[in-house]
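Q: Got a minute to go through this model with me? I'd like the overall picture and then some details.

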Amino acid sequence: LPAVLMPGVRMASLSQALRVVATHARRSPAQGLGPRPLTSGAGPTAEKSVPYQRTLKEAQGPSAEAQGPTRPLPSTANVVVIGGGSLGCQTLYHLAKLGVSGAVLLERARLTSGTTWHTAGLLWQLRPSDVELELLAHTRRVVSRDLEEETGLHTGWIQNGGLFIASNRQRLDEYKRLMSLGKAYGVESHVLSPAETKALYPLMNVDDLYGTLYVPQDGTMDPAGTCTTLTRAATARGAQVIENCPVTGIRVRTDDFGVRRVAAVETEHGSIQTPCVVNCAGVWADAVGRMAGVKVPLVAMHHAYVVTERIEGIQNMPNVRDHDASVYLRLQGDALSVGGYEANPIFWEEVSDKFAFGLFDLDWDVFSQHIEGAVNRVPVLEKTGVKSTVCGPESFTPDHKPLMGEAPELRGFFLGCGFNSAGEQGCECGPLVLGKVPGVPGLVLPGVRGRPLPHGEPLRLHRRFHSSLTAHRRWIRERSHESYAKNYSVVFPHDEPLAGRNMRRDPLHERGGEGGRPVMPTPASQVLHYDYYGAYGNTAHEDDAYSRLLGDEYTFDFPPHHDVIKKECLACRGAAAVFNMSYFGKFYLVGLDARKAADWLFSADVSRPPGSTVYTCMLNHRGGTESDLTVSRLAPGAQASPLAPAFEGDGYYLAVGGAVAQHNWSHITTVLQDQKFRCRLLDSSEDLGMISIQGPASRAILQEVLDADLSNDAFPFSTHKLVRAAGHLVGTSWPPSPGLWVAAVCCK
């Protein structure tokens, strides 16, 4: 590349960078298949001029690495937090504020040295989720008010407002929905006309706008100032922060019931015995997880922004998100930081454990796609120079949601990572990372869904992925890429991913669309492999029936499937409809203490005679609802059948909604371990199909294919039986919903 685009050299303007990159691209050979490697070898580049460099780098001194731990290691701790970035500091702060004694934070280098130090620090309060919205309000209170009151230190919070740009009618409709939701939770926001937007932001081009959404109380945080203040408040309450102390291992013990539990954290300078570890290692969370045998589904990618030279008249302007151009503009004093989300981000293939306060060379071939949108929105940028480039690693997850809560594989091992370049906005998540930890009282955040938010209950977000997927690298990579690339896309009510499809299939998957049964929206053969939206040299699918089907659903009006559901409802009301319910979770709870476990777990009395089926709620230790499900009592047997395992004692068959199946599995497993119930939980979700026949004619239809008498006397309401259909053994139930019959089909 010409000298103007070389690392560390200031360039004349963003527009010049775009022209040079375009010329370079015409000369460049085509990229091969798959994600691109690093542009400059396997490691980071030398230091660059970035915000907060003076605050962090000069303070640590040239020989910080050689000094060893900043304080002696305690021999024991109630909680050890690994990672001194934004989430680690937030978690330590909330633990200390909750009264937890013996909390220790270990950082391998210096605080914020991983990814936090170079983050943009933006805080946007409006989200399409009411829970996220209220929790972000908590973040704002902590950063803008609480920390300064507790410590007397300023966190670096700047309330300059936020402005969302709508360049089409659909985007403006999305913003109006956000404004309505924010109004219900006390977040002030206003939909502005193009003229009003111009008056607020005189340097903005509004010729192509439909309108904007203005949130006056949005702002920016200084990552260094925030983390310093968080740890100052935490240590004042007795917590400890130990820097220059790399973690080398997690010691695990197996208790008398065969349950794996955290025993200690090992470092280069000694070990700390502890029953609880919180993995807040960000990009390095996967490596920390491997030390303990825990799968952490995230990937590391390059994420970049550039800082401009001084811009006259930009002072005090709000931060801008132009979602349709996939670009953001952050106020940086009298300049702007320009960044965004591209369709071809660079994966960091080999994550270095020596990386601290480092950056990568900015790949202008990748970043240049943001320049045109930024210049179009603020035309003065066309002639504004670039002062510095900031390209560092960030961690991203398969659904762009953070990983929080206790890992199913190891008791006492909690996750607080994968915040998708938004960890600075995660103060709201610090108290939610942990579940039931000895000595941790309840936390109340007023107003979430109109109720107190019990500590540890609401956001156990690590339980949403099936265990077969959390170690599947292709699935994690594809889904994380799509989530990154679509981060600024309109959030429609019925959005579905194209990546990672067909990873788990039920026995009826291939047969689902045959026979005229309305049990699948599209044949499985039409779901094509993921094309990365044409990035990395892949050819985008030109004829993708499944993608077109989903595209038709992307609307805030009634989607096409509304009419399909109407026909199904009318069919159920007048005759019957058949549905493939094989995505449901299908579990067996069996053993000597299965009845005790069922009494503890379920709100209804399920201790009925074998052959009974009960619809019930499953509760947590606070009496809150985890899910609703059907529980069928099984007769014990010494010999296994295709539809029931062999067991002694009591047994139950559980049918739970597919969207919460993994969460249900983890919750039940946790209860069995905590209460020391002598029973097993078996997962047959992928071995059994399930068909639901609904409507007044459902019994007559089933009677024609089953070899059993389905009359009221022979097959009472709220019962189940093993019968045969065309010679195949099936489990059939009449659950506690009149007019609904369910057939579970074994298809091994």
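Here is the chat about the chain, one residue and one helix pair.

A: Sure; it's a predicted model, where local features need pLDDT of at least 70, side-chain atom pairs count only at pLDDT 80 or more, and totals for chains, interfaces and linings use all residues. Residues are numbered from 1 along each chain as its sequence is written, and side-chain values use heavy atoms, with hydrogens and water left out.

Q: How many helices and strands are in the protein chain?
A: 16 helices and 29 strands, taken as DSSP runs (helices H or I, at least four residues; strands E, at least two) numbered from the N terminus.

Q: And how much of the protein chain is buried?
A: 56% of its 748 residues, with buried meaning under 20% relative accessible area (1.4 Å probe, protein chains only).

Q: Is Asn664 buried or exposed?
A: Asn664 counts as buried because its relative accessibility is 0%. Asn664 sits in helix H15, residues 661-675.

Q: What does Asn664 touch?
A: Leaving out residues up to four places away in sequence, Phe587, Met618, Ser627 and Val656; contact is heavy atoms within 4.5 Å.

Q: Which side chain does the Asn664 side chain make a polar contact with?
A: That of Ser627, at 2.5 Å. A polar contact is a pair of N or O atoms within 3.5 Å; within protein, one must be able to donate a hydrogen and the other to accept it, and residues adjacent in sequence count only if both atoms are side-chain atoms.

Q: New topic: which residues of H4 meet H7?
A: Val143, Leu147, Glu150 and Thr151 in H4, against Thr226, Thr229, Leu230, Arg232 and Ala233 in H7.

Key:
Buried < 20%, exposed > 50% of the residue type's maximum accessible area, 1.4 Å probe, protein only.
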